[in-house]
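Visitor: I'm new here and would like to know what the labels mean. Could you show me the model and let me ask about it?

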Amino acid sequence: MALESHSQILVEEKPSVRILTLNRPKQLNALSLNMVTRLLQLFLAYEVDPTVKLVILKGQGRAFCAGGDVSAVVRDIGLGKWRRSADFMSLEYTLNYVMATYCKAQISILNGIVMGGGAGVCVHGRFRIATENTVFAMPETALGLFPDVGASYLLSRLSGFFGEYVGLTGARLNGAEMLACGLATHFVPSTRLTALQADLCKVGSSDPVTFASTILDAYTQHPHPERQSAFYRQCSLVFFSFTLSTIDIQGKFVSPVSYLAIYFSLCRLDVIDKCFSRRTIEEIMSALEREATHKPDDWISATVEALKKASPASLKITLRSIREGRLQGVGQCLIRENRMVSHVMKGEISKDFVEGCRAILIDKDRNPKWEPRRLEDMKDIMVDKYFKRVEEEDGWEDLKLPPRKHLPASAIAKL
């Protein structure tokens, strides 16, 4: 065994496996320029190294990765060097694309916080292992940004309109919920991770993906969603619909099918699909408020409040981004997101990103002054600008993704 340290990325070499550990625990393993550069270098090298069969990625401390190093990005923007921030994002998107099209199995162990850019370096990989310690979120709209790192591809592939809900509200998901919605492929208790890693390192040379899948299936568990989870009542209704032949509701006997319909109408997933399928943010908000009026629910109220606190500009470009992502491949999504983030960094349409970071991360007064302040003031013509090339900027170009030649059919985005 060889252990190599580049400070922020630890590399452990096993005979057929490379174990990479994100190593900025005090910063919750937030991705720096050095980390992104090193990860891209390592992933490209391992892809052409015939001795490497599996790549395991994990985080040091209580986080897998809490996102990109926002403080550095905001500092560059404040110094008038927004292009440097945009270049960092372009490099990060290139890493996301390489992971999404990787021809070898990437196994990400998500034993802690996974947010923003942290999602980009794991969810594009083939295997994503959640635990009881996992906390996942895409909180960008509260920061004046939008879910990027290929999120418009990833979120738009989730069932129904759950992706819109996660991306717009910044809702936190635990490990069980990640597994239920497909963002995680397996759930393994944290006490079993050491043994799991040891077994994965026994990979042979025949079929590493099948080997890894078999090992992971042997370790995985299927936790029950908590009562407050969006998935909780769905699990309950399936159970009852198969075990009761007739039931008494308000003095009436009904069939199992009717019972199923009654309980499904109360399921939060049903509310999510009903409300977040609307065409505009304003219509989504109105639909949620109507739901709250008809059947008061703390969860619906919290969802409405999260949307009201978010940047109006961020909400509108996020919804359009996810909707466009439904019709685009992962590469197209990343190229479009690079255009969008360049406009965010430049700050000519709105400076909400800098203001959001000030209010949430720097001053921590949690009272951002968004501009525009109201949804109705964020006009469609302003939204359109985020999706166009930064034509007036000398030297700016669309993201050029690396060619991915001679890849097997399995080397595609994994959701």
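Guide: Here is a run of questions and answers about this predicted model.

Visitor: How much of the protein chain is buried, and how is it built from helices and strands?
Guide: The protein chain has 18 helices and 13 strands. Of its 415 residues, 54% count as buried. Among contacts with a separation of 6 or more, 72% join residues 24 or more positions apart.

Visitor: What pLDDT does the chain have?
Guide: The average is 89, and 88% of the residues score at least 70. Over residues 234-266, though, the pLDDT is below 50. That stretch still has 29 contacts in the model beyond near neighbours in sequence. A word of caution goes with this: where pLDDT is low, predicted coordinates should not be read in detail.

Visitor: Why is lysine 104 called buried?
Guide: Its relative accessible area is 15%, and buried means under 20%, so lysine 104 gets the label "buried". You'll find lysine 104 in the loop between helix H3 (82-100) and strand E6 (105-110).

Visitor: Which residues is lysine 104 in contact with, leaving aside its neighbours within four places in sequence?
Guide: Tyr46, Glu47, Asp49, Pro50, Val52 and Lys53. As for valine 48, lysine 104 is 56 residues from it in sequence, yet the C-alpha to C-alpha distance is 9.7 Å.

Visitor: What makes leucine 28 partly exposed?
Guide: Leucine 28 has 22% relative accessibility. Buried needs a value under 20% and exposed a value over 50%, so leucine 28 falls in between and counts as partly exposed. Leucine 28 sits in the loop between strand E3 (17-22) and helix H1 (33-47). Its phi is near 55°, a positive value in a residue other than glycine.

Visitor: And why is arginine 366 called exposed?
Guide: Arginine 366 has a relative accessible area of 61%, and exposed means over 50%, so the label fits. Arginine 366 isn't a glycine, but it has a positive phi of about 55°. Its place is in the loop between H17 and H18.

Visitor: Which peptide bond is cis, with omega near 5°?
Guide: The one from glutamate 371 to proline 372. Proline 372 is found in the loop between H17 and helix H18 (380-386).

Visitor: Why does phenylalanine 211 count as partly exposed?
Guide: At 23% relative accessibility, phenylalanine 211 is in the range between under 20% for buried and over 50% for exposed, so it is called partly exposed. Phenylalanine 211 belongs to helix H9 (residues 208-219). Leaving aside neighbours within four places in sequence, phenylalanine 211 is in contact with Asp199, Leu200, Lys202 and Val203. From phenylalanine 211 to leucine 200 is 11 residues in sequence and 8.1 Å in space, C-alpha to C-alpha.

Visitor: How many disulfides are there, and what would make one?
Guide: A disulfide calls for a pair of cysteine sulfur atoms within 2.5 Å. By that rule, the count comes to zero.

Visitor: Is cysteine 181 buried or exposed?
Guide: Cysteine 181 has a relative accessible area of 13%, and the cut-off for buried is under 20%, so cysteine 181 is buried. Cysteine 103 comes to 26%, so it is partly exposed, in between under 20% and over 50%.

Visitor: How many cavities of 30 Å³ or more does the structure hold?
Guide: Two. About 60 Å³ of space lies in the largest cavity, and about 30 Å³ in the second largest.

Visitor: What lines the largest cavity?
Guide: There are 13 lining residues, with Gly144, Ala313, Ser314, Val344 and Tyr386 nearest the centre. Helix H15 (312-325) and helix H17 (352-362) are the elements giving two or more residues to this lining. H15 supplies the largest share, three residues. By kind, the lining of the largest cavity divides into seven nonpolar, four polar and two charged residues.

Visitor: What makes the lining of the second largest cavity nonpolar?
Guide: This lining consists of Ala119, Val123, Phe136, Met138, Ala151, Leu154, Leu155 and Leu183. Ala, Val, Phe, Met and Leu count as nonpolar, so the tally is eight nonpolar, no polar and no charged.

Conventions
Residues numbered from 1 in each chain as written. Predicted model: local features only at pLDDT ≥ 70, side-chain atom pairs only at ≥ 80, totals over all residues. Heavy atoms only, no water. Buried < 20%, exposed > 50% of the residue type's maximum accessible area, 1.4 Å probe, protein only. 1 Å grid on protein atoms, 1.4 Å probe; cavity = no way out; pocket = protein on both sides within 12 Å on 5 of 7 lines; lining within 4 Å. Points joined across faces, edges and corners; volume = space filled by probe spheres on them. Helix = DSSP H or I, 4+ residues; strand = E, 2+ residues; numbered from the N terminus. Contact = heavy atoms within 4.5 Å. pLDDT = per-residue confidence, 0-100.
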